[in-house]
Amino acid sequence: MPKRTDLKSILLVGSGPIIIGQACEFDYSGTQACKALREEGYRIVLVNSNPATIMTDPEMADATYIEPITPAALRKIIARERPDAILPTLGGQTALNNAMALAEDGTLKEFACEMIGATAEVIRRAESREEFAAVISGLGLKMAKGEKATTWEQCQAVRTRIGLPCMIRPSFTMGGSGGGLATTDEQFEAICKRGLHASRTHELSIEESLYGWKEFELEVMRDRKDNVVIICSIENLDPMGIHTGDSITVAPIQTLTDREYQRMRDAALAIIRAVGVECGGSNIQFAVNPVDGRMVVIEMNPRVSRSSALASKATGFPIAKIAAKLACGYTLDELKNDITRETPACFEPTIDYVVTKIPRFAFEKFREADDTLGYQMKSVGEVMAIGRTFRESLQKALRGLEIGVPGLMGKKADEVGDPAKKADYLRQATRPTSHRLFQVRLAMQAGATIDELATTTGIDPWFLRHIAGIVEHEARLRISGFNGIDAGTFRTAKRDGFSDRQLGLLWNTSEEQVRARRWQFGIHPAYKLVDTCAAEFAALTPYYYSSYDDESEAPPADPRSIMVLGGGPNRIGQGIEFDYCCCHAAFALRADGWRVIMVNSNPETVSTDYDTSDYLFFEPLTAEDVLEINRVMRPHGAIVQFGGQTPLNLSLALERAGVPIIGTTPEDIDRAGDRELFRDLLEKVNLRQPANGIARSLEEAAQVAERIGYPVVVRPSHVLGGRAMEIVPGKGDLKRYVQEAMDVNPGSPVLIDKYLENAAEIDVDALADGIDCVIGGVLEHIEEAGVHSGDAACAIPAYSLSDRLVNRMKEITAALARNLRVRGLMNVQFAVRNDDIYLLEVNPRASRTVPFVAKATGLPLAKIAALVQAGRTLKDLGVTTPEIRARCEPKYFAVKESVLPFNKFPGVDTLLGPEMRSTGEVMGIAPTFGEAYYKAEMGSGSTVPLSGKIFISVRDSDKRLIIPLAQQLHDMGYQVYCTQGTSVVLESGGVPVKVLNKIKDGGDTVLGHLKELAFVINTPNAKGGKSDEGKLRSACAVTGVPYYLTLASAAALVSALRQVKRTDWQVRSLQELLPDRGVWRPANG
Amino acid sequence: MPTARLVLADGTIFRGRSVGAEGTIGGEAVFNTGMTGYQEVLTDPSYRGQIVAMTYPEIGNTGINPADMESAKAHAAGFVMRNCCEIPSNFRSTESLPSFLRSQGIVAIDGIDTRALTRKLRLGGAMNAVISSQQALSDAELVARSRSQPSMDGLDLASTVTCAAPYGWSEPSQPQDFGTPAGAPLPGWPVFAKQPHIVAIDCGIKRNILRLLVSAGFRVTVVPSTTSADDLLRLRPDGVFLSNGPGDPAAVTATIATVRAIIATDLPLFGICLGHQILGLAHGARTFKLKFGHRGVNHPIQRLSDGAVEIASHNHGFAVDPATLPSDVRMSHVNLNDGTCAGLEHISKPQFSVQYHPEAGPGPADPLYLFRRFARSVSDRLAA
């Protein structure tokens, strides 16, 4: 069946900000869908609140709405654009839930907008546990025993029937949010109550526990002619009980016979048909009892998912692209397999390698959080690796994880299991955590058997035996040593995935020495193709991975190529924003006649789409792996300033090894981080910085702090996202924080700055080419300095600073660019207090705000920077003209708000500080600051009601300043609740209030009123999840009550509410707002 | 570590580890792209005379179990893997793959770049090879041995794997103990008051075919491939089945003659793989050798009657040339990967065949409906 001609325009819904459980995989799928549908001539209306996505690039759609993904905003867009259809299956659970809401409230019917990809009925059948269970039982398949409940009373009744342990899952949530395993009555109550709130339908399913069963996933596609194929099978190394997003997973399935696999396949086909997914992709999860093979169905996602992104990267089959084509009418047999371009897309990919995915966590940023892994997803990113054997693939994934380990071993050579501690290791391995694999290794070294470990961990013996194989190989390598090593032994080690750094640790020598010897032996990896068909057909798409195998299929060296180093697994502080920059570099360079080599290990990204570059190398971002690619490809240059800290950390090693780094030199990048050189630089540009010093010991730190005076900011050098950065109010806390900072980056000094209280913070993103400097944007933070710039909300243009200050900061930026010899991107952070400008930091590289600035101004900074690095000048590109320079101060406001994961970490204080903790961001764009801020808040999940009850609790120093805000809120009709202390001040200021008890005093406290509150304003006195305020903030995060923790953000909110109460907020496409419809092209391109 | 060599007739030598029986064995090197099903592949008589390389690198993970045997023993001449698992993990496993290979006398090699081998076979076509674990033989001797292997073209191997005498088969498909839908009573299948009798001509028949015929409600008699039409018809069959098997179909002349006589009757007839080729030859069509064949479980097959696509298990090196079919026989299925003929049917008689493996074992059950179709045609004829 050819494509549908009755549809002209399609609304594609994205997934919004990056949050735990919903990351940039949906930008990857949405971007593929945009390309696929426009290729067919449809008009695409796109909505996504996340400015760091590729899909929201104005050239990707005909009308791009960076607007909140809420039913209200979607309704406004539909009313304006009148799309014929809405495609909700490519934007994760967010898109699905919103489309369902529009179906249920009649909007889709009212505007004759058809839901394509999956109908409301199908979505309901797949997502409602009860309806799904009915389908499954109708097929003669089994599910875990379970019932649903919508009230706490029902939960208790179900509990008596099913017993403990049991699994609780809310309906309609993503990443298992709010669910969990209950083994005690207390846990049962806590999880049920949390889950009832988290579910959109206030519906929970309570099921018998399958803890310890083997877990599998199948990626299934179906077309409207009822052709069904399995794209990929995935086996979880971690057993049932650990969310698949938090599990190490392997493709394809390893421990099922064909007969067992085919039964699962039969079941998947039957399920997708019975649920009625007419066309598109679905993910179906199964559990298998390892003892007798009993198979049960866990769940189904009737949409493109995180696993389907992984499956696409694992097999080369573009699930989202094909799903989009199926949604507009094609059938699988009518579409070609992109990779072979000969055979049809209607087939089942077969692979001849092993893919391992390992999640990446951020518990170090949430110290109060429980790091036990369970049914609720907690990881923030993932790494994927491809090897010819499981061992090679696992070790590549571990070194690609960038957590300091070089493979399956500790960070140091002497971290070896002690036989005396075997029982301890086994006990620790019982609890699933992010580092369990390392405990398994220690336990093996201490003498634990495969059986013991299989029992304690639930990991299949097949995986454990391979892990044991690596551990035994490590022991042999320690014995053989470096000096007498022969080529055969060396090659065997490489074939088991041992990295040069790992061998260096085992052999007590340097990574460079190991590499030199390896190269002497002529031992290099072969590059193999990902081709969907195990070499049965010729593949045309250059998607490579390395393996220590014999025959290399690498392309010939390409001097007209530029290598772009990506950012590796997503983590807090380094995520989609940097991948966006890498993609833009690829787009711009390819358009300018270069061929691009992309190196990355993150399967969620657009950068690892085989369409993005000319040569995709899916490899860990380590010096070893990049040097081998460089050796084979011989690119003209490598770009390291776009992928965040990961490639920057490699740049010196790469340059030393002869990789030509283009753009700002690694020395100059390093110089910006060098405190002494930095001070000289400041003198040159005649600028102040906060008093500061460097300390290499606790004593030195105390001296520096004493000299500059408390409060001080303490942080380790050379880290991203403000890791272990803290504001230290006084002597008492200094030691602890300095120690932590030292542990983060051992050997590097700790930086100590005077903390500027109540200063405004400003980010400036700029481009420079050695001659000119062009300001991309001046971003004024909403929160004061001290909140990490990645967590702070900010606005373009600056909304409160004088032109004089803004111009001065632009001048300073230009001077810094000149002095630092910046070629490419640069980010400068300033603090402003009492009209004095302080320089906080200069980073001659892409910053997290680059995509936001580009979306706000229509000037694609990363593209221009890539061309500058490749040798073009700003002038030649046409960006030094007054018109382009004026773009950094648009006539409208764009506000960026960050999104924090505290709802996943109950009991953790949500207070913001210098350590970044947000996972994602949204943008609001509008003619007034107030409307833009309101929409940014809405996009981040805080739709602030325009009337109702509010709670205010502020610290003493803010009490005077809160009066006018509280007065305005009262005048707008809000009823103000507060505690005794705040009430005295507010009442004296003439604001009527209702007084509540403090939480610690019990009785009528704010916690009892949470559900009625429109929002909370709380400026903190005390920190920590156990303090009264900490409890309040955490409760707000978990229950979804909007909360404002600084006077500045409260003031911004008040101005937003005033604006929106005056005139309702509107939706506008970027193409309407931005100059040239948001599309920039080089002048002489 | 015991070493082994895989030596191709073009002189290429792969050095790896010996993981099967000791010795030197020759055959035609082919590759199979299935990620599961190595046990079924090893025990499928159609692999007689072939050295099978698995393209999926981790093989043997689930060991060997008695239920998944496709015949009484392993038939492949030799077995090639990237990484052979010594200690399996699966609740049904009773033996490890290396132990099975040794006990079955199958010479096997692992640790070689199987993708390089696959690419060579794709580009150069299936070629003869030897695997040897014997150090005493020089590389040159092994190259010479591989070159002296008989060509698959013109080779009658069916007679080497067929049964010696007729026998009955009564074991049905395994109960669906994993709770999948196939376990439910199958809708749309005919119910027979009395078991119709099916005679299956054994050119190397897979057990899963026999099991499915029994499950379809038939009484099954298996006869040698050399059985004459007269002897066969004397068994008073209600339908005839033509099995899969190894070698060049054109060389299986006795069976072709038998089938030619049977298609002159109106008996329902169903052929699979070699059986399909034999049916084509009996109709006067020609068969030809494919460059490197189709072996795997993921090929798309389109049913020409309605355009539906099924994913099917494959194992064949020859194909029927549809241009040479007589006017009363038409192509019913096509392989979408390369457009080769994947199925034949008589325009008026209930006689049809497919090139692929609807019995699965290994592979998907998508084309299982063909057994239902056969059962219906037998049922219709009995009712008429």
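This report describes a predicted model, moving from the whole of chain A to its contact with chain B and then to strands in each chain.

**Chain A as a whole**

Chain A contains 37 helices and 38 strands. Its radius of gyration is 28 Å, close to the 31 Å that the globule rule gives for 1085 residues, so chain A is as compact as a globular protein of that length. Measured out along the principal axes, the C-alpha trace of chain A spans about 75 × 65 × 65 Å. Of the 1085 residues in chain A, 63% are buried, and among the contacts in this chain between residues at least 6 apart in sequence, 71% join residues at least 24 apart.

**The contact between the chains**

Where the two chains meet, chain A gives 56 residues to the contact and chain B gives 47 residues. On the side of chain B that touches chain A, the elements giving two or more residues are helix H3 (114-124), strand S15 (287-303) and strand S16 (309-320) of chain B. Sorted by class, that side of chain B has 19 nonpolar, 19 polar and 9 charged residues.

**Strand S4 of chain B**

In strand S4 of chain B, which runs over residues 50-54, 5 of the 5 residues are buried, so the strand is largely enclosed by the rest of the structure. Both of its faces are covered, with Gln50(B), Val52(B) and Met54(B) buried on one side and Ile51(B) and Ala53(B) buried on the other. S4(B) pairs with S3(B) and also with S6(B); Glu28(B) stands opposite Gln50(B) of S4(B), while Ala53(B) has Val80(B) in S6(B) as its bridge partner.

**An open sheet in chain A**

In chain A, 5 strands form an open sheet in the order S3-S2-S1-S4-S5, and the pairing is parallel. Strand S3 (63-65) and strand S5 (114-115) of chain A stand at the edges with a single partner strand each, so one side of each is left without a neighbour in the sheet. The pairing of S2(A), residues 43-47, with S3(A) includes a bridge in which Val45(A) has Ala63(A) as its partner.

The strand pairs named above are set side by side here.

| Strand pair | Sense | Bridges |
|---|---|---|
| S3(B) (residues 24-32) and S4(B) | parallel | 5 bridges |
| S4(B) and S6(B) (residues 78-80) | parallel | 3 bridges |
| S2(A) (residues 43-47) and S3(A) | parallel | 3 bridges |

In general, strands of a sheet pair through backbone hydrogen bonds, either parallel or antiparallel.

How values were computed: Residues are numbered from 1 along each chain as its sequence is written. Chains are lettered from A and ligands numbered from 1 in the order in which they are written. This is a predicted model: local features need pLDDT of at least 70, side-chain atom pairs count only at pLDDT 80 or more; totals for chains, interfaces and linings use all residues. Helices (H or I, at least four residues) and strands (E, at least two) are DSSP runs, numbered from the N terminus. The radius of gyration is taken over C-alpha atoms; the globule rule is 2.2 Å times the number of residues to the power 0.38. A residue is buried if 20 or more other C-beta atoms lie within 10 Å of its own, exposed if 12 or fewer, and partly exposed in between; C-beta atoms are placed from the backbone. Two residues are in contact if their C-beta atoms, placed from the backbone, lie within 7 Å. Ala, Val, Leu, Ile, Met, Phe, Trp, Tyr, Cys and Pro count as nonpolar, Asp, Glu, Lys and Arg as charged, and the others, Gly among them, as polar. Two strands pair if DSSP finds at least two bridges between them.
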